[in-house]
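This report walks through a ligand site, the packing of some helices and a few details of the backbone. Please keep the sequence and the structure in view while reading.

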Amino acid sequence: MKPRIYITRKLDERAVAPLLEKFDVRMWDSESVSVPRDILIKEVAEADALWTVLADSVNREVFEAGTKLKIVANMAVGYNNVDLEAAMEYGVIVTNTPGVLNETTADLAFALLLATARQLISAEDAIRSGNWTSWAPMRFTGMDVGGATIGIIGMGRIGEAVARRAKGFDMRVLYHNRNRKTEAEVEHGFEFMELEALLKEADFVVILTPYTPETVGMIGARELKLMKNTAVLINVARGGIVDESALYDALKDGEIWAAGLDVFETEPVPLDNLLLTLPNVTVLPHIGSASIKTRLAMMNLNAQAITDLLEGRDPENQVF
Ligand code: GLV
C-alpha cells in the first residue's frame, strides 16, 4: 500500500503530479474554501502526511486523530497555525516554506506601502464609481515615500528585502529586531533602534515580525500614540501583532495617518470589522507571497519535504 497524503486545498496540477506516482494522494476539492473540520479529522486519521495552508488550524485535535501521521508540511513561512507542542508530543515533524517567498513578500509590502501612502485604491475607485469630476488640487494627496524614514519591525529575510527596496527610494532605514544585523548596518547603513524610538522616528512602520506569544498585541494603543500623526502603519506579518481596536481608534482620531493591512486578527476579515469603515485603511486578503513563481516554489518545497520524509530521508525546513 502506498503512503497516504492528505492536502487541505485544491492545488495546481503541476504541484501534485510528482506525488501521484509514489503516493496515494487525497485532496480537498476547493481552492478558496477551507476543508470542513469533520472531513479534515476523518482524512487525517488515514494519512501519513498532511499538507496544510496557513488558514488551517492544526491543533491538538488533528494530532490526536492522526494516528499514522508523520509530517505536517505547512505551505507558509509562518507556522503559528500549528500547535508545535502537540506535534512534538505526538512525534510529528513540521516543516514550512522559507526562503522562496522573501522577494515576493517584500514586493507586496512595498506595493501596499505605496498604495496606502498615495491613496491608490480610493483614487481608482473614484474613476470606477463615476466620481472623477475634475483634476483637483488637494484631492487624493498623500504622503511622500521617496526620502522618508521607514522603520522595519522584524528584520529577518523579508525585512532585509524590504529595506533594500527602501534604499532604492532614498529612504532612511531604521529597524528593530531581537538580534542586531551589524553586517547590514555597515554595508547598507540600516540603523538599529529600540521599538519606542523607532515608532517615534519613522514615517512608515512596517511589521514583519513572526507571530509568537511575545509579539501578540505588540502594537497597541501606547505604541500607536508614540507614532507621528502623519505616519503610515503597514502589516504584512500576522494580524494579531496589532491590536485592531486600538488601531481603529488611532486611525479615527488621527493619531496616525493611515494603515495598509494584508493580515487581520480574524481571516477572512469579517465584513463588520470596523477597520473596513475607515477611508484611511487599505486592505488586502493576505496575498504577500502570491506570485505564480513563488506559490509554485512553495508547493515544490512542501512536496519535497513530504517525499523526503515518506522515503526515509530527513526533510529540510523542519521548524523544531
Ligand atoms: C504567509 O503569511 C506566510 O507565512 O507564508
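Sorted by class, the residues that form the shell around the ligand comprise 4 nonpolar, 2 polar and 1 charged. The model is a predicted one, and every value given here was computed from it. The residues surrounding the ligand are Leu 54, Ala 76, Val 77, Gly 78, Leu 101, Arg 238 and His 286.

Among these surrounding residues, Gly 78 places a backbone N or O atom 2.8 Å from an oxygen atom of the ligand. Arg 238 approaches through its side chain, a polar atom of which lies 2.7 Å from a ligand oxygen atom, and for His 286 an N or O atom in the side chain is 2.7 Å from an oxygen atom of the ligand. The ligand exposes 190 Å² when it is taken alone, and 88% of that area is buried by the protein.

Two helix pairs can be set side by side in a table.

| Helix pair | Angle | Distance between axes |
|---|---|---|
| H1 (residues 13-20) and H12 (residues 292-310) | about 15 degrees | 9 Å |
| H5 (residues 102-117) and H7 (residues 157-168) | about 55 degrees | 8 Å |

With an angle of about 55 degrees, H5 is therefore oblique to H7, and the crossing of these two helices is right-handed. How do H1 and H12 run with respect to each other? Their packing angle is about 15 degrees, and angles under 35 degrees count as roughly parallel, so H1 and H12 are roughly parallel to each other. H1 passes H12 in a right-handed crossing.

Two loops hold backbone details that can be checked in the structure. In the loop between strand S11 (258-261) and strand S12 (281-283) one finds Pro 268, which is joined to Glu 267 by a cis peptide bond with an omega of about -5 degrees. The loop between helix H6 (120-128) and strand S6 (149-153) contains Phe 140, and the phi of Phe 140 is near 60 degrees, which is a positive value in a residue other than glycine.

Note on methods:
Residues numbered from 1 in each chain as written. Predicted model: local features only at pLDDT ≥ 70, side-chain atom pairs only at ≥ 80, totals over all residues. Heavy atoms only, no water. Near = heavy atom within 4 Å. Polar contact = N/O pair within 3.5 Å; in protein donor to acceptor, adjacent residues only side chain to side chain. Areas by Shrake-Rupley, 256 points an atom, 1.4 Å probe, with all protein chains shown as cover. Nonpolar A, V, L, I, M, F, W, Y, C, P; charged D, E, K, R; others polar. Axes fitted to C-alpha atoms, helices over the stretch in contact; angles between N-to-C directions. Helix = DSSP H or I, 4+ residues; strand = E, 2+ residues; numbered from the N terminus. Parallel < 35°, antiparallel > 145°, perpendicular 65-115°, else oblique. Left-handed = near helix turned anticlockwise from the far one by under 90°.
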